[in-house]
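This report describes selected strands and a helix, with attention to pairing and burial. The sequence and structure are shown below.

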Amino acid sequence: MPGIEIGGEQFTDEDRAYAGSRYRDVIDALFANPYQQVWGRRGEPPLPLLEQTIRTVFGGLLAHVRNSRFEHAAERSLDSAADLRWGPNKKGFTRFLHPNGVCLTGRWQITEDTPYSGYFTRGSSALIVGRYSSGAGGPRRGTIRSLALVGKLYPTTDPNHPTPLRTANFITQEDIGGAFSDSINVAELRNAPDLTVFRRGPAGTLLVKVASVFRHVDREPTIRQVYPIAELGKPAGEGTRAPAFMRLRVAPGHPVIAGAELDVRDEVMAHIFDPGDPVPKRTLTFVIEVTDEGKTSGTPFRIRRSFSNWRRIGAIVFDNAVISYNGDAVIHFTHPTWRTDRNDPATATRRDGRKVR
């Protein structure tokens with residue numbers, strides 16, 4: 001596979017023309033160019049390892065704190081709702097943060113009564129495309145890394161739905177500075193993670209520079225509100241009611257995949273496939289929990305969050321996965337802009353491609 005090239009980082013006409021996407025088109029794109037034709041088969045090439053450093057993100061330690069390339073990418077991640085971004089050369093774009101990932105497909109299901117709206121209501125069932133990745137020190141077990149799961153929900157259960165649909169995206173992650181989770185089974189992924197900048201040593205400088213850009217283009221760099229899910233499929237005129245916090249954890253009963261320096265991408269694939277066999281054999285389930293009760297303490301360099309009254313409301317069940325070039329360079333997950341009141345669109349930090357408050 002060719003190396004991922006920098007391109008299309010800013011908001012483009014492709015983003016401007018977005019009017020939804022077909023689930024089948026996104027799935028076909030993700031599975032079109034896997035790094036390994038059959039995961040785990042003897043003779044397949046090793047998975048690429050793309051760096052996440054000061055140099056790859058900003059061009060070097062002495063580069064301006066708001067390097068225009070990364071700032072354009074940050075603005076686009078907030079302003080573009082596109083699900084696929086092909087770019088003029090059809091090679092996608094550089095994912096500066098969390099460049100190594102595995103994409104998953106399955107179903108979002110809410111099974112319990114909730115006070116929330118949209119696809120947080122009981123009985124909601126949506127197709128989902130997710131991407132599990134690792135930031136910080138890389139994808140391998142035994143290093144300080146920050147596991148993350150992002151997703152996009154399609155308001156349908158028909159994988160061949162004929163017309164384009166707008167999606168709702170979410171972002172969940174471990175401690176942004178890195179954590180010591182030995183497996184995905186014990187990782188706690190939240191839309192409001194902790195932050196330990198100096199856990200990464202000198203590499204913590206990258207986080208400081210990234211946070212500076214995020215604050216410049218948006219407002220709150222360490223929390224990604226989940227109101228897009230609460231507004232997906234919501235009747236016009238009905239108020240938004242979104243939970244403040246969401247947590248995803250691997251459901252009990254899944255085995256821990258063995259391997260001292262196991263790549264998280266291989267770990268995720270092993271939950272669904274047997275090595276060398278292209279047919280999925282199992283599912284990978286994440287429990288969905290929410291609460292409105294949380295507190296933040298600490299300093300900008302060491303943020304700690306405490307929560308109470310987590311409630312399980314449903315699950316995400318993934319039944320297929322792929323590690324592919326398009327999964328690293330073409331698929332796009334929108335970052336919701338910060339709202340002073342998460343349920344009031346009028347309080348959004350960004351509007352029409354610019355920061356308004």
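Two strands are taken to pair if DSSP finds at least two bridges between them. The model discussed here is predicted.

**Strand β1 and its partners**

Strand β1 spans residues 101-110, and eight of these ten residues are buried, so the strand is largely enclosed by the rest of the structure. Pairing with β2 (residues 125-136) is antiparallel and runs over nine bridges; within it, Gly101 of β1 has Ser133 as its bridge partner. β1 also pairs with β11 (residues 311-322), again in the antiparallel sense, over eight bridges. There, Asn320 is the bridge partner of Thr105.

**Helix α7**

Helix α7 covers residues 264-272 and is mostly covered, with eight of its nine residues buried. Among the buried residues are Arg265, Glu267 and His271, as well as Val264, Val268 and Ile272. The elements that cover these buried residues include β1, β2 and β11, together with β3 (145-154) and β8 (284-291).

**The three-stranded sheet**

An open sheet has the strand order β6-β10-β9 with antiparallel pairing. Its edge strands, β6 (195-196) and β9 (293-299), each pair on one side only. In the pairing of β9 with β10 (residues 302-308), Thr299 stands opposite Arg302 of β10.

The antiparallel pairings with stated bridge counts are listed here.

| Strand pair | Bridges |
|---|---|
| β1 and β2 | nine bridges |
| β1 and β11 | eight bridges |
| β9 and β10 | seven bridges |

Technical notes
Residues numbered from 1 in each chain as written. Predicted model: local features only at pLDDT ≥ 70, side-chain atom pairs only at ≥ 80, totals over all residues. Heavy atoms only, no water. Buried < 20%, exposed > 50% of the residue type's maximum accessible area, 1.4 Å probe, protein only. Helix = DSSP H or I, 4+ residues; strand = E, 2+ residues; numbered from the N terminus. Contact = heavy atoms within 4.5 Å.
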